[in-house]
Amino acid sequence: MKKQEIEQIKQLLSTPKKIVIVTHKNPDGDAIGSTLALYHYLIKYNHKTTVILPNDCPSFLKWVPGAETMLIHDYQTDTSNRLIKDAEIVFTLDFNAFHRTGNMETALAESEALKIMIDHHQAPDHYAKFMFSDVNMSSTCEMIYHFIDMLKDTNSIDATIATCIYVGIMTDTGSFKFDCTTSTTHQIVAQLIDKGANNSQIHNNVYDTNSYERLQLLGCALNNLKVLPEYRTAYISLSQDELNKYNYRKGDTEGVVNYGLSLDNVILAAIFIEDQKEGIIKISLRSKGHFSVNEMSRAHFNGGGHTNAAGGRSYLPLKDTIENFISILPSYKKALNNE
Ligand code: 5GP
Ligand code: MN
């Protein structure tokens, strides 16, 4: 972001404003952490601030400080739309295009508020007056730290804000192990711990609250794991029947795709999850090195994301979706074997 833009934002935030913070559908740790970190920062300066989610977040994120104040557009549609319409500033965090907010797309497109984007996804749309978009960042949460730093205000980061920022850095870096983790990421995390983020407690809250059924579902997923050595690819499928059998709850399949990548010599992993209610197969793709699942998802699966982590969807039945996936692999064989 240019210095001049920072000055303009500083000016803008120097008097209390009506502010709405939004994030993408099916919010993850980075979406919840970044919106709530910014929420706690802005209310310190008496801005009338509301976080609005398109739909609910998984239960392992409900403990994040401030989560109880968030509105859910799916449930509180009229109030949410009114707040978006009346807002002077809308911060859009952790997504690159309005359609990623599902049913909130229209309200955002019609909103005349000044938009500020903070995001690390590829190919961002240009709807925002101020764009802080950087695909090299580990997470939007890391960018929130940089944003506050650019405002020369890191002294205002207290234990609550530090906790929220920590959540998203931890989840988007796979607990500090993915390629996107830099020495700067670690330096920021060190600061957050000094400011009062309880790292082991946060990890426990997010990762160690499994139900027995969730582990059974993981067992089912691992049983379904298939490996295609000639393409250095592994994939997992979960049908709606299997999800029902283990009493699937939102968030239960989070991170399961990564098990494929843990196999020796595998650099592309996919998971296909049937969602009968939405009439789609939800797809998650993960890779190692330079192989871009963002490009693969954009080309074949109506989605996108980052080089090493992308999402998408298919409107074909589960079996056909998997057959389609296998049928496109030959065109990537060279790229997969060159890694
Ligand atoms: P997931 O597999 O966890 O749903 O998504 C992996 C990453 O890709 C996340 O950072 C997510 O925000 C991003 N992503 C998921 N679906 C889409 C999509 O349809 N478009 C774009 N641009 N990014 C996506
Ligand atoms: Mn993110």
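Strands here are DSSP runs of E, at least two residues long, and they are numbered from the N terminus. With that in hand, the strand to look at in this predicted model is β12, which hands over 4 residues to the shell around ligand 1, the most of any contributor.

β12 spans 309–314, and it shares the job with β10 (280–287) and β11 (304–305) among the elements that give two or more residues to this shell. A total of 15 residues sit around ligand 1, and Arg 100, His 121, Ser 284, Gly 304 and His 306 come nearest. Sorted by class, the shell breaks down into 8 polar, 5 charged and 2 nonpolar residues. So where does ligand 1 lie with respect to domain 1 (3–207) and domain 2 (212–338)? It lies between them, because both domains give residues to its shell.

Some side chains also come up to ligand 1 with polar atoms. Ser 284 puts a polar side-chain atom 2.6 Å from an oxygen atom of the ligand. For Asn 96, an N or O atom of the side chain is 3.2 Å from a nitrogen atom of ligand 1. Arg 313 has a polar side-chain atom 3.5 Å from a ligand oxygen. As for cover, ligand 1 has 500 Å² of accessible area on its own, and the protein covers 87% of that.

Then there is the empty space. The second largest pocket holds about 230 Å³, and 17 residues line it. Ser 59, Thr 209, Ser 211, Arg 249 and Asp 252 are the ones nearest its centre. Which helices each supply at least two residues of this lining? They are α8 (199–207) and α9 (212–223). Both domains take part here too: domain 1 (3–207) and domain 2 (212–338) each provide at least three lining residues. By class, the lining of this pocket has 6 charged, 6 polar and 5 nonpolar residues.

Methods
Residues are numbered from 1 along each chain as its sequence is written. Chains are lettered from A and ligands numbered from 1 in the order in which they are written. This is a predicted model: local features need pLDDT of at least 70, side-chain atom pairs count only at pLDDT 80 or more; totals for chains, interfaces and linings use all residues. Side-chain values use heavy atoms; hydrogens and water are left out. On a 1 Å grid over the protein atoms alone, a cavity is a set of points where a 1.4 Å probe fits but cannot get out, and a pocket is an open set with protein on both sides within 12 Å along at least five of seven lines; lining residues have an atom within 4 Å of a point. Grid points are joined across faces, edges and corners, and a volume is the space filled by probe spheres set on the points. Ala, Val, Leu, Ile, Met, Phe, Trp, Tyr, Cys and Pro count as nonpolar, Asp, Glu, Lys and Arg as charged, and the others, Gly among them, as polar. Domain bounds come from an automatic or database domain assignment. A residue is near a molecule or strand if one of its heavy atoms lies within 4 Å of it. A polar contact is a pair of N or O atoms within 3.5 Å; within protein, one must be able to donate a hydrogen and the other to accept it, and residues adjacent in sequence count only if both atoms are side-chain atoms. Accessible areas come from the Shrake-Rupley method with a 1.4 Å probe; for residues, only the protein chains shown count as cover.
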